[in-house]
Structures are given as C-alpha cells and as structure tokens.
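Here is a short set of exercises to work through with the model open beside you. Try each task before you read its solution.

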Amino acid sequence: MKKNRHCKIIELIENHDIETQDELAGRLREAGFQVTQATVSRDIRELALSKISTGDGRQKYVFFRQDDNRLGEKYIRVLRDGFLSMDMAQNILVVRTVPGMAMAVAAAIDAMKLREIVGSIAGDDTIMMAVRTVEDTHIVMDKIHRMMES
C-alpha cells in the first residue's frame, strides 16, 4: 500500500502544483487513499520531496529521482550558474549556456526527469531538447524558469 501511495504522490506533484501537506492529503483521499497528516508528513520525508518557488510567491513540492536529495539542489545550482537563455521552435527547446556548461546544464535538466522532455543533446554552449508537444515546450520553459527562481 505504501509503495502505491508513494507512486500516487509522485504522480500528483508532477501533475499539480501542490503547496501544502493538507492539499496533498486531500488529493490522496480523492484518489482513494486513507491518509492522516502524520502519514503524509512521513511520506514527504521518505520521498525526500523538496519545495521550489512557482514564481508567483507560492511554492510547490517536487521530486528529484536521484538517491541523494542534495544532488537536486546541486542540479538547480548548475542550472542557475550555466543558463543564459532559451527559445523554442515548435517542440524543440534550445537552451543557451555559458561556454563549456551545456553538458552540465543538460545533465541537470535530464536528472530532473521532466516527463515532457523526450531527450536532449548538448554541445559546448547550446542544448537542443526534443519535447513531446508544442504545449509541453511551454510547460518545460515555465518549469525551468521556476526552478531558477526557487
């Protein structure tokens, strides 16, 4: 049951901007899980969820898929340090970085396992990402901006 609940939590926070434990508990109950505040708090700790800024003064839970949650913070720092700009061409996202940082920034974005991104290719200062749809490209751009603001 716990494994199913953890999978549902990850699904919920990847698909919704969930700011509080109460909001997460409510969504879990809507999905058929009987949870208490203590259960949700423990799940958040066990999953090592982090919070990032949504850019509008609010925050939301995020899940980094690596074993060490500190890596998530490092990836965001690499993204902030190397990022210069981004632009889209339909479902292709092009990210410009500081010279020599494209591979590190691409690795940071890849580690965040954004479901909208199919794959990426990095050169010296440019990353090209294939994104599932044009709409998803806008979503990825927004997520990258929010990660850099957190």
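From the N terminus on, the elements of this predicted model run α-α-α-β-β-α-β-β-α-β-β-α. That gives 6 helices and 6 strands in the chain.

**Exercise 1. Compare the radius of gyration of the chain with that of a compact globule of 150 residues.**

Solution. Start with the expected value: with 150 residues, a compact globule would have a radius of gyration near 15 Å. The chain has 16 Å, which agrees. Next, look at the extents: along its principal axes, the C-alpha trace spans about 50 × 30 × 30 Å. Then turn to burial, where buried residues make up 39% of the 150 residues. Finally, take the contacts with a separation of 6 or more: 54% of them come from residues 24 or more positions apart.

**Exercise 2. Find the buried residues of helix α3 (residues 37–47) and work out how they are arranged around the helix.**

Solution. First list them: Thr39, Val40, Asp43, Ile44 and Leu47 are buried. Seen down the axis of α3, these residues fall within an arc of 135 degrees, so they line one face of the helix. A general point helps here: an α-helix has 3.6 residues a turn, so residues three or four places apart point the same way. Now ask what lies over the buried residues of α3; the cover includes α1 (2–15), α2 (21–30) and β2 (59–62).

**Exercise 3. Describe how α2 and α3 pack, and sort the residues of their contact by class.**

Solution. Begin with the geometry: the two helices pack at an angle of about 105 degrees, and their axes are 10 Å apart. An angle of 65 to 115 degrees counts as roughly perpendicular, so α2 is roughly perpendicular to α3. On the α2 side, the contact is made by Gln21, Asp22, Leu24, Ala25 and Leu28. Gln37, Val40, Ser41 and Ile44 make it on the α3 side. Sorted by class, this contact has 5 nonpolar, 3 polar and 1 charged residues.

**Exercise 4. Two residues, Ala48 and Gln90, have a positive phi although neither is a glycine. Where does each lie, and is it buried, partly exposed or exposed?**

Solution. Take Ala48 first: its phi is about 55 degrees. Ala48 comes just after α3, in the loop between α3 and β1 (50–53). At 29% relative accessibility, Ala48 counts as partly exposed. Now Gln90, with a phi of about 60 degrees: this residue lies in the loop between β3 (83–89) and β4 (92–97). Its relative accessibility is 57%, so Gln90 counts as exposed.

**Exercise 5. Examine Lys143 and Thr137 in helix α6: is each one buried or exposed, and what does each touch?**

Solution. Place them first: α6 covers residues 134–149 and holds Lys143, and Thr137 is in α6 too. The cut-off for buried is under 20% relative accessible area. Lys143 has 13%, so it is buried. Thr137, at 0% relative accessibility, counts as buried as well.

Now the neighbours, leaving out residues up to four places away in sequence. Lys143 touches Glu14, Leu114, Arg115 and Glu116. Thr137 touches Met88, Gln90, Asn91, Ile92, Leu93 and Val131. Here Gln90 turns up again, the loop residue between β3 and β4 from the previous exercise.

Notes. Residues are numbered from 1 along each chain as its sequence is written. This is a predicted model: local features need pLDDT of at least 70, side-chain atom pairs count only at pLDDT 80 or more; totals for chains, interfaces and linings use all residues. Side-chain values use heavy atoms; hydrogens and water are left out. Buried means under 20% relative accessible area, exposed over 50%, partly exposed in between (1.4 Å probe, protein chains only). Helices (H or I, at least four residues) and strands (E, at least two) are DSSP runs, numbered from the N terminus. The arc is that of the directions from the helix axis to the C-beta atoms. Contact means heavy atoms within 4.5 Å. Axes are lines fitted to C-alpha atoms, for helices over the stretch in contact, and angles run from 0 to 180 degrees between N-to-C directions. Angles under 35 degrees count as roughly parallel, over 145 as roughly antiparallel, 65 to 115 as roughly perpendicular and the rest as oblique. Ala, Val, Leu, Ile, Met, Phe, Trp, Tyr, Cys and Pro count as nonpolar, Asp, Glu, Lys and Arg as charged, and the others, Gly among them, as polar. The radius of gyration is taken over C-alpha atoms; the globule rule is 2.2 Å times the number of residues to the power 0.38.
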